[in-house]
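I sat down with this chain today and kept notes as I went. Here is what I looked up, in the order I looked.

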Amino acid sequence: MTSTPAVTAAARTKTTTAFYVTGATTQFASRYDQRLSYCLYVPSTHETATEPLPLLVMQHGTGRTGPQYRDAMAEFAEEHGIVVLAPLFPAGLGDDPDDLHNFKFIAHQGIRFDLALLAIVDEAAERVHVDTSRFVLHGFSGGGQFAHRFLLLHPDRLAGVSIGAPGRVTLIDPEREWWLGTKGFAERFGDPVDLDLVRKVPVHMVIGAEDTETWEINNPGDSNWMDGADDVGRTRVERISALRDNYRAHGIDVAFDVVPGLGHDGMGVLEQVRVFAARVLRAESRAHG
């Protein structure tokens, strides 16, 4: 009589882990800072891919709806053979349990959220076969704030960036204090903005035509306010238009989408994001073909 080999604990763990790193994954704590976490969508092509798959990062906004954005991009991920990563930067980090805005301005009470994202990207690459050298980044509202500031810090890591309806914008302007502008940028972050590299990144901006409510973005005295934030407009439409014009004045090409009849709705702009991301991915594929 033959016996069935015992399944080791290590093998069982490996099998279980593989199951939860397929399709829509569970939430993983980041080793960079275990208060932060992420989830993935891993397409079925991952099982047979001979080359690392492209990466799309969906950065949440104030509502922390990363898994919802991840799920909304699942069909796109399957169609194009890409991995989708959704980080989670919780509210209430540090000494203010009511803080909602920490990640939007990159640095908060000793946490550098740009570096946290890069660490999470590297950690994801240890779980799945994904290309981390350059990725597409999309963020809407608070995520749009993070995305356009991340562009200034790490243009070398971006294959493309999609900026959706940021309520507060950072212009490339050395006369305006951070975060209204880029005065003191090098002193704060270690290096100046490299405009030559920024100009090489495909930039997409998107907003709903009816995104005109101002109650959330004109709030003097709150932690996410600086005097002068409304100098470039009072609505998100006005502010993203000012950001577009600022970028173009600095030689940065911007694809600009205004979605008719849409208010402040991150899910409502995803079709435009998909079109942009697909275009970037095709260009990347040709460049590496």
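**Overall form**

I began with the radius of gyration of this predicted model. For 289 residues a compact globule would come in near 19 Å, and the protein chain has 20 Å, so the two agree. I then took the extents of the C-alpha trace, which spans about 85 × 45 × 40 Å along its principal axes.

Next I went through the secondary structure and noted nine helices and eleven strands. I also checked how much of the chain is covered: 52% of the 289 residues count as buried. Among contacts with a separation of 6 or more, 69% are between residues 24 or more positions apart.

For the surface, I noted an accessible area of about 13200 Å², with 51% of it belonging to carbon and sulfur atoms. On charge, I found 27 positive and 39 negative side chains. The centres of those two sets lie 3 Å apart.

**Helix α5**

How many of the twelve residues of α5 are buried? I found twelve of the twelve, so the helix is largely enclosed by the rest of the structure. The buried list takes in G142, G143 and G144, then Q145, F146, A147, H148, R149 and F150, and ends with L151, L152 and L153. I liked seeing H148 and R149 listed there as buried beside the leucines.

I checked the length of α5 (residues 142–153) too. Its end C-alpha atoms are 17 Å apart, and at 1.5 Å a residue the span should be 16 Å, so that agrees.

**Helix α9**

My next stop was α9, which covers residues 270–287 and has 18 residues. From first C-alpha to last it reaches 25 Å, close to the 26 Å expected.

Which residues of α9 are buried? I listed L270, V273, F276, A277, A278, V280, L281 and E284. Note to self: E284 is in that buried set along with L281.

I then asked what these buried residues pack against. The strands are β4 (55–59), β8 (135–140), β9 (158–164) and β10 (203–208). The helices are α2 (66–72) and α3 (74–80).

**A86 in β5**

I picked out A86, which sits in strand β5 (residues 83–88). Its relative accessibility is 1%, and the cut-off for buried is under 20%, so A86 counts as buried. Leaving aside residues up to four places away in sequence, A86 touches Q27, S37, Y38, C39, M58, G66, P67 and R70. I also took one distance: A86 and S44 are 42 residues apart in sequence and 18 Å apart in space, C-alpha to C-alpha.

**Backbone oddities**

I finished with the backbone angles. W178 and W179 are joined by a cis peptide bond, with omega at about 15°. W179 is in the loop between β9 and α6 (185–189).

I also logged two residues with positive phi that are not glycines. I106 has a phi of about 80°, and Q109 has one of about 45°. I106 belongs to the loop between β5 and β6 (107–108), while Q109 is in the loop between β6 and β7 (111–112).

Are these two buried or exposed? I106 is buried, at a relative accessible area of 0%. Q109 is partly exposed, at 47%.

Key:
Residues numbered from 1 in each chain as written. Predicted model: local features only at pLDDT ≥ 70, side-chain atom pairs only at ≥ 80, totals over all residues. Heavy atoms only, no water. Helix = DSSP H or I, 4+ residues; strand = E, 2+ residues; numbered from the N terminus. Expected span 1.5 Å × (residues − 1). Buried < 20%, exposed > 50% of the residue type's maximum accessible area, 1.4 Å probe, protein only. Contact = heavy atoms within 4.5 Å. Rg over C-alpha atoms; globule rule 2.2 N^0.38 Å. Areas by Shrake-Rupley, 256 points an atom, 1.4 Å probe, with all protein chains shown as cover. Lys, Arg positive; Asp, Glu negative; His and termini not counted. Charge placed at Lys NZ, Arg CZ, Asp CG, Glu CD.
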